[in-house]
Amino acid sequence: MAIFTGAGVAIVTPMKENGDVNYEVLGTLIEEQIANSTDALIICGTTGESSTLSHEEHLEVIKFAVDKVAKRIPVVAGTGSNCTETAVYLSQEAEKFGADGLLLVTPYYNKATQKGLVQHFTTVANAVRLPIILYNVPSRTGCNIQPETAVELAKNVENIVAIKEASGNISQIAKLAQLADGCIDIYSGNDDQIVPILSLGGIGVISVLSNVAPKQTHDIVQLYLDGKVKESRELQLKALPLADALFCEVNPIPVKAALNLMGKNAGTLRGPLTDMEEKNVPKLAQALKDFGIELA
């Protein structure tokens, strides 16, 4: 059974000016997401700046989100690491807190082989009972989960049930869908490829766009699943300029800037990420307005 179907928001982690996590704002953002039809909350992913949270903060943010959501929608906790032992620890703690699923990114920097990926993900999966979404984003990790590897994991490890595909390679995703023949759920990891991946049998998206347009992102998926392909495609195409603007600098720089432009007080970023370059702010503001989003 799928962890969720539809649009899951890869939610930001709001920060105070001193760099501390702003839990008050995080709680407000979570409530707004639920009120606007978001189908799942993905906490402490790339967009949530998990790589610059301490282990203690990482787990505190996961626990806060689980408690705040209170089972109204699934909470998927990002617990991946380039160290297998750390990924096991974070995953076991997230399970104790009551997360509904885990998102495990490929090990970054040390660039495991496909054999190493099988060993890494199998070890983590065997340490918990929660369903697991693999996260393939080679542009950030330098490591690509080959379709054959994803299928091998899904067929041999009971709780590896899905993959977030952010390779951007539609041909690879098509091959994955063909080889898998339904044994693994596929989520789009790119907001500009929601409909293409749905057309290959995908069941949803794990979205940055949802931070600023939760209802519209949900609707792109739901319309498609309801058989209203033309309407879904039109909304997907309308969202492309905003999706592009949200990635005009490295994620999550633009999405935090967008939320701040909307008056949502997402705050600053932790180094080495910096605030958005001034020359890009008007482009982002215009893309938000063109999509019908009001600015503060």
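**Entry 1: A35.** I looked up the exposure of A35 in this predicted model. Its relative accessibility is 65%, and since the threshold for exposed is over 50%, A35 counts as exposed. I then placed A35 in the secondary structure and found that this residue belongs to helix α1, which covers residues 23-35. I also checked the distance from A35 to P214: their C-alpha atoms are separated by 9.2 Å, although the two residues are 179 apart along the chain.

**Entry 2: the barrel.** I followed the strands next. I found that 8 of them close into a barrel, in the order β1-β2-β3-β4-β5-β6-β7-β8, with parallel pairing. From one strand to the next, the twist averages 25°. I took β3 and β4 as one pair to inspect. Strand β3 spans residues 75-78 and strand β4 spans residues 101-105, and I noted 3 bridges between them in the parallel sense. Within this pair, V76 has G101 of β4 opposite.

**Entry 3: α4 and α6.** I turned to helix α4, residues 114-126, and helix α6, residues 147-156. Their axes come within 10 Å and cross at roughly 30°. Angles under 35 degrees count as roughly parallel, and I therefore recorded α4 and α6 as roughly parallel to each other. The handedness of their crossing is right-handed. I listed the residues that make the contact: α4 supplies Q114, L117, V118, F121 and T122, while α6 supplies T149, E152 and L153. Sorted by class, I entered 4 nonpolar, 3 polar and 1 charged residues for the contact of α4 with α6.

Conventions. Residues numbered from 1 in each chain as written. Predicted model: local features only at pLDDT ≥ 70, side-chain atom pairs only at ≥ 80, totals over all residues. Heavy atoms only, no water. Pairing = 2+ DSSP bridges. Helix = DSSP H or I, 4+ residues; strand = E, 2+ residues; numbered from the N terminus. Axes fitted to C-alpha atoms, helices over the stretch in contact; angles between N-to-C directions. Parallel < 35°, antiparallel > 145°, perpendicular 65-115°, else oblique. Left-handed = near helix turned anticlockwise from the far one by under 90°. Contact = heavy atoms within 4.5 Å. Nonpolar A, V, L, I, M, F, W, Y, C, P; charged D, E, K, R; others polar. Buried < 20%, exposed > 50% of the residue type's maximum accessible area, 1.4 Å probe, protein only.
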